[in-house]
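Hi,

Here is the structure I promised to pass on to you. Please open it beside this email, and then read on for what turned up in it.

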Amino acid sequence: ALLAGGAQAGIRAVVLDAESIPFVDISAVTMLSGVSEELAASGVRLLIAHDIGQVRDVMRAAGAEALVDAVFPTVAAAVE
């Protein structure tokens with residue numbers, strides 16, 4: 001769904017609202033990193049809204065700093 005949303009004409013960013021995601025594992029972070037790279041190849045950024053501590057910590061542990069840098073406190077902040 002993230003890739004499909006990013007494939008639409010005129011889209012510059014896709015925002016994933018992570019407010020209801022209390023936990024991720026390395027597999028999820030690897031998948032999100034891959035999606036982020038695929039979107040970036042088309043000039044689209046993957047942004048993550050709601051800075052959930054455990055999610056951010058696992059992204060850092062997995063070496064996904066590009067994802068960590070794309071985390072915003074709210075959907076509005078990500079869109080802005």
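Met59 is found in helix α3; helices and strands here are DSSP runs numbered from the N terminus, with H or I over at least four residues for a helix and E over at least two for a strand. This is a predicted model, so local features need pLDDT of at least 70 and side-chain atom pairs count only at pLDDT 80 or more, while totals for chains, interfaces and linings use all residues. Residues are numbered from 1 along each chain as its sequence is written, and side-chain values use heavy atoms, with hydrogens and water left out.

Is Met59 buried or exposed? Met59 is buried, because its relative accessible area is 2%; buried means under 20%, exposed means over 50% and partly exposed lies in between, using a 1.4 Å probe and protein chains only. Leaving aside neighbours within four places in sequence, Met59 is in contact with Val29, Ile48, Ala64, Leu67, Val68 and Val71, where contact means heavy atoms within 4.5 Å. Leu3 sits 56 residues away from Met59 along the chain, and the C-alpha atoms of the two are separated by 20 Å.

Met59 also belongs to the largest nonpolar core, which has 18 residues; Val29, Leu46, Met59 and Leu67 are the ones that touch the most other members. Such a core is a set of buried Ala, Val, Leu, Ile, Met, Phe, Trp, Tyr and Cys residues joined through side-chain atoms within 4.5 Å. Which elements give two or more residues to this core? They are α2, β2, α3 (53–61) and α4 (65–68). Helix α2 provides the largest share, four residues. As for Val29, its contacts beyond four places in sequence are Val24, Val58, Met59, Ala62, Ala64 and Leu67.

Ser36 is another residue to look at, and you will find it in helix α2. Ser36 is buried because its relative accessible area is 16%. Setting aside neighbours within four places in sequence, Ser36 is in contact with Leu46 and Leu67.

Now for the strands. Three of them form an open sheet in the order β1-β2-β3, with parallel pairing; two strands pair if DSSP finds at least two bridges between them. The edge strands are β1 and β3 (71–72), each pairing on one side only. Five bridges join β1 (residues 13–17) to β2 (residues 45–49) in the parallel sense. Between β1 and β2 the chain passes through helix α2 (residues 26–41), and this β-α-β crossover is right-handed: with the strands pointing away from the viewer, the path from the first strand over the helix to the second runs clockwise. To trace the pairing, start where Ala13 has Arg45 as its bridge partner in β2, then find Val14 opposite Leu46 and Asp17 opposite Ala49.

On the other side, β2 and β3 pair in the parallel sense over two bridges, and Ile48 has Val71 as its bridge partner in β3. Why is β2 largely enclosed by the rest of the structure? Because four of the five residues of β2 are buried.

I hope you enjoy looking around!

Best wishes
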